[in-house]
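Reader: Could you walk me through the aromatic pairs and the helix packing here?

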Amino acid sequence: MSAAAITEETPQELPTAVDLHAEFEASGVKDVLAELDRDLIGLAPVKKRIRETAALLLVERARRSMGLAHDTPTLHMSFTGNPGTGKTTVALRMADLLHRLGYIRKGHLVSVTRDDLVGQYIGHTAPKTKEILKKAMGGVLFIDEAYYLYRPENERDYGQEAIEILLQVMENQRDDLVVILAGYGSRMDRFFESNPGFRSRIAHHIDFPDYESEELVRIAEKMLEQQSYRFDETGLKAMRDYIRRRRQQPHFANARSIRNALDRARLRQANRLFQTADGPVGADALSTISDEDIRASRVFEAQAQETT
């Protein structure tokens, strides 16, 4: 046969071994996990599950590169826990992690609630749901308070239509979309019981614990620091007292409640400075949250009324 003859291409040889630690570094997953540790205080069980999931996906990617038999892992997830426990933040980091490992084409997160998916009249739900799914394709769709999707007590509710579309896409396009359902643990359990199709498609269930009091103090300090504020000694003591009292009251939402409390404290601090300043005010005074800025909260008033 002459040199000009057409020759068969030699198939590319597959690797026989993979350095997982090198892959971990090269993929950028290490950076994502470091950001998670830096940005989120506490949540040790959640961070452990994320690291374990990252390890599983890294190994699955290595197996695929070596030509070993593998199935595309099911990546749909359920995040359960009370409000303000970091579920949305972790979902953002998960989208980044999945993108870096090549499991989704993009690293974006589309966050929605029932109102974004379910219409109010016949023929309205399917277009709304499909439009959201179109935006989320190649990334992660985060559905907060997912149990509100369907209200069986309402005969004219159109949530079931949205659920059927979601289930079909979660099964047929799981290579191009990851869905994370989120909400209170007990309500999510009831939702899965009444919608077994969702439970069978969810591979990873992650529970987000409430923050400890001292973790909430650190969260408060971090939130202020990000806005170039700080507590003085009396303000920090008052914040600890505030957190202890507020946790005993209804509708406490962990870090979300702390953020709201700090917004109100900054408002009081600004009014205090306007009322008491006789001349120029320095950067230190403008940046300091003190005892009186915290203890003016109704949280302390309510407790005082109970003891009188």
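**Aromatic pairs and a helix crossing**

Author: A search of the whole structure finds five aromatic pairs (Phe, Tyr or Trp rings, the six-membered one for Trp, with centres within 6.5 Å). This is a predicted model, where local features need pLDDT of at least 70, side-chain atom pairs count only at pLDDT 80 or more, and totals for chains, interfaces and linings use all residues. Residues are numbered from 1 along each chain as its sequence is written, and side-chain values use heavy atoms, leaving out hydrogens and water.

Reader: How are the planes of F79 and F208 arranged: stacked, edge-to-face or tilted?

Author: Planes under 30 degrees apart count as stacked, over 60 as edge-to-face and the rest as tilted. The centres of F79 and F208 are 5.1 Å apart and the planes sit at 50°, so the pair is tilted.

Reader: And Y242 with F300, are they buried or exposed?

Author: Y242 is in helix α11 and F300 in helix α15, 58 residues apart (helices are DSSP runs, H or I, of at least four residues, numbered from the N terminus). Buried means under 20% relative accessible area with a 1.4 Å probe, protein chains only, and exposed means over 50%, with partly exposed in between. Both Y242 and F300 are buried.

Reader: At what angle do α6 and α7 cross?

Author: Axes are lines fitted to C-alpha atoms over the stretch in contact (heavy atoms within 4.5 Å), and angles run from 0 to 180 degrees between N-to-C directions. The axes of α6 (residues 125-136) and α7 (residues 159-172) come within 9 Å, and they cross at roughly 35°.

Conventions. Helices (H or I, at least four residues) and strands (E, at least two) are DSSP runs, numbered from the N terminus.
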